[in-house]
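Work through the three exercises below with the sequence and the structure at hand. Each task is followed by a solution in steps.

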Amino acid sequence: MKSLFKILKEERSSLLKTIILTIVATLIFGYAMSNPYIEHIPFGVVDRDNSHLSRTVIQQLKINPGLNVNYYADSDTELEKAIKDRRVNGGIIIPKHFEKDVSSAKSPSALLLIDGTSLPRESSILSYASQVLGTINAGAQINVLQGNGMVPYLSQQTVLNFSYVERILYEPQCSYLRYLIYTLIPLVNQGFFVPVLLVPALIKKKEQFAHIKMRSKEGVKAVIGLIGRLFLYSTICIIVIFTCLCIVDKLFCVPLRGDILIYIVVMYLFFINLTAMGLVFASFMDNLGHFILFFNLINIPIFLTCGVIFPDYLLPSGMSDALNILWPFRHMTIALKMLNLKGLGWNLMLPYLQNELNFGQFWLPIGIALYSARIAFMKYKNSKLLKKDISQENTVQVSVEL
């Protein structure tokens, strides 16, 4: 217990930084992603027909909460210029004789112009406008058929020859951005755990191990102390990540499901695997500043290739397999996402856990071996320096006696 409080006192600043900044980042990301719908998008109109049907189309677009029809242009060029000037993000061009061509079943086309520089806005405009135009199109076809003498029921059955209902499982809001929160929270925490807690402790202990006998009582105590320190770091980070997930669940309604024991196993395996990679890096690097620069460099590619931003099928052939070998973040994020979105049980989570175990089984022995080899090399260098110093002292003594 005394050693626990000693570690907490020694690492108070680093631990507080990790805890506070992870929570702050969670609140920022959660707030930014709290509304999955983009609404009141500026939208323009060019009505060349000025008919009852065209005015109905415009009125329905104005009623839609996703669009803000606030710009009326006289020509296609004027609407296109308004989009380029960012006065609106999209617009519709209704051609001449639109109502007449609909009545005579000539299938006229209304043109949608959309600013393609923002993918979320582009897809939202297309979705909102398609809903309105699809509904009006079906109604117009029914009116045409009824005008030609078809009874109302038969005309509806002809146009709407089948219907469907939606039942979206797991995440009814279908917000791709919201899925990222399961990745961003561990990413932020990893960004503190590895360069602020893990690697500095390994580099510091490496210097200590190089000056003591590992099989002595002091050496065994130092090894146990390092293991306890890393276990404490991991436990605190796991609690922080879980706390942040609870925050986004309560404040921003991000789904939080699954067995807490599965979460604990997933996260402990993740931090064990991070420790394995920390041992590898600490074996080669002595300058913490250089490591922080290197880690910041690879942290963004780690995030982008974790399998959540770009699914594996979008990556080049063989790249996902290579990435699975190089860093443990991929294995944890997919498992955490599936656990929270679907609430999977042990039987379905076992493949994800097995991936984490396989990673640890491969890298942990390598990390320990490289770390031990570096300590042995440092001991050898220290012994050579000590012999050199003793030799110089003996030479000096001989010179004095003469």
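The model is predicted.

**Exercise 1.** Locate T117, decide whether T117 is buried or exposed, and find which side chains make polar contacts with T117.

Solution.
- Step 1: T117 sits in the loop that runs between β4 (111-114) and α6 (119-147).
- Step 2: The relative accessible area of T117 is 57%. Exposed means over 50%, so T117 is exposed.
- Step 3: The side chain of T117 has a polar contact of 3.3 Å with that of R86. A polar contact of 2.8 Å joins the T117 side chain to that of D115.
- Step 4: N89 is 28 residues from T117 along the chain, and their C-alpha atoms are 9.4 Å apart.

**Exercise 2.** Decide whether Q190 is buried or exposed, and describe the surroundings of Q190.

Solution.
- Step 1: Helix α9 (residues 181-209) contains Q190.
- Step 2: The relative accessibility of Q190 is 0%. The cut-off for buried is under 20%, therefore Q190 counts as buried.
- Step 3: Leaving out residues up to four places away in sequence, Q190 touches P195, F270, L274, F295, N299, I302, W327 and F329.
- Step 4: With N299, one of these residues, the side chain of Q190 forms a polar contact of 3.1 Å.

**Exercise 3.** Find which element gives the most residues to the nonpolar surface patch.

Solution.
- Step 1: The patch covers about 570 Å² and is made by F242, I260, L261, I264, V265, W346 and L350.
- Step 2: Two or more residues each come from α11 (260-284) and α15 (346-401).
- Step 3: With four residues, α11 gives the most. L261 is in helix α11.

Technical notes:
Residues numbered from 1 in each chain as written. Predicted model: local features only at pLDDT ≥ 70, side-chain atom pairs only at ≥ 80, totals over all residues. Heavy atoms only, no water. Buried < 20%, exposed > 50% of the residue type's maximum accessible area, 1.4 Å probe, protein only. Polar contact = N/O pair within 3.5 Å; in protein donor to acceptor, adjacent residues only side chain to side chain. Patch = residues over 30% accessible without salt bridge, like charges linked within 9 Å, V, L, I, M, F, W, Y side chains within 5 Å. Areas by Shrake-Rupley, 256 points an atom, 1.4 Å probe, with all protein chains shown as cover. Salt bridge = Lys/Arg side-chain N within 4 Å of Asp/Glu carboxyl O. Contact = heavy atoms within 4.5 Å.
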